[in-house]
Amino acid sequence: MRLEHHALMWLRDPWRLIMLGGIGLCLLFVAWPLAELVRQSFWGQTSRTWGLENYQTFFGSGYFLRALRNSLWVASGTTVLALAMGLPAAYVFHRYHFTGRPAMRVLTLLSMMSPPFIGAYAWILLFGRGGMVTLWAQSLGISLPTIYGPYGIMLASALSLYPMVFLVVGSALARMDGVLEEAAASLGKKPWGVFCSVTLPLLRPAIITAGMLVFLGTIAEFGLPNLLGEGERFPVLATLAYDLYLSEIGGEPGMAATTSTVLVLVALCVVALGKK
């Protein structure tokens, strides 16, 4: 009776019911699909038996490894570019007062409202092979670098995701006690020395978090690499998994599941490294 009473009291707490509902939704819409994805990745595409056949095919094929390298290369480059843009912007915004400061914040946040797919389409309209800026430059005898390929993907992704760095690092700067920076300056440190020896070490957790979010957002992005990578010319894991799934409709989506599982494993490794 006492156990039943405690159970009834526990269930009457609305927050505990909400927690149970949240756990149930996560199990239904997150854990179950991921478990099914992993299960299908171990079902051999050719042999139709359980085993590591699909993973042997993935890691033994230059095409699949190329997509993996492309994903890591683009995500790493985008992370570096986003940090290079977002970190100085956050520092200037939170450490200096200047005209147009509110407008800077609004414009930075507005860039987050546009999906990367729309941003990629805008880049193609401007700098694509038949883009307005490209044609105008050609009329002047100037040959602009192509927007297609890894560097175009990095640039477009970084411009779309650097506001995330701005928000995360800016929040850390807003909470940071300025006494330490003032003490370093009073001891004769120049502004750059104060930033490198005091501010940057204190911002390290925020920088790691922001970089991890940008990396994960880039490696999971489909629309932008699909447009600027031109599909098969520069495959990444996300576009490759989609193409494999379309080609395997009506059959066993073993390689599509394997590619998606590898993508999930890369994301988990990044999260684990970020926590360290």
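Author: Contact here means heavy atoms within 4.5 Å. Welcome! This is a predicted model, where local features need pLDDT of at least 70, side-chain atom pairs count only at pLDDT 80 or more, and totals for chains, interfaces and linings use all residues. Residues are numbered from 1 along each chain as its sequence is written, and side-chain values use heavy atoms, leaving out hydrogens and water.

Reader: Which residues in H7 do Leu125, Leu126 and Phe127 in H6 meet?

Author: Helices are DSSP runs (H or I, at least four residues), numbered from the N terminus. H6 spans residues 116–127 and H7 spans residues 132–139. From H6, Leu125, Leu126 and Phe127 meet Met132, Val133 and Thr134.

Reader: Is Thr79 buried or exposed?

Author: Thr79 sits in helix H4, residues 62–95. Not counting residues up to four places away in sequence, Thr79 touches Gly211, Val214 and Phe215. Its relative accessible area is 11%, and buried means under 20% (1.4 Å probe, protein chains only), so Thr79 is buried.

Reader: Which element gives the most to the largest nonpolar core?

Author: A nonpolar core joins buried Ala, Val, Leu, Ile, Met, Phe, Trp, Tyr and Cys residues through side-chain atoms within 4.5 Å. The largest has 21 residues, with Ala82, Val165, Val169, Leu173 and Leu203 making the most contacts inside it. Two or more residues come from each of H4, helix H8 (150–175) and helix H10 (191–219). With eight residues, the one that gives the most is H8.

Reader: How many residues are in the second, separate core?

Author: This separate core includes Tyr55, Ala75, Met255 and Leu263. Its residue count is 18.

Key: Axes fitted to C-alpha atoms, helices over the stretch in contact; angles between N-to-C directions. Buried < 20%, exposed > 50% of the residue type's maximum accessible area, 1.4 Å probe, protein only.
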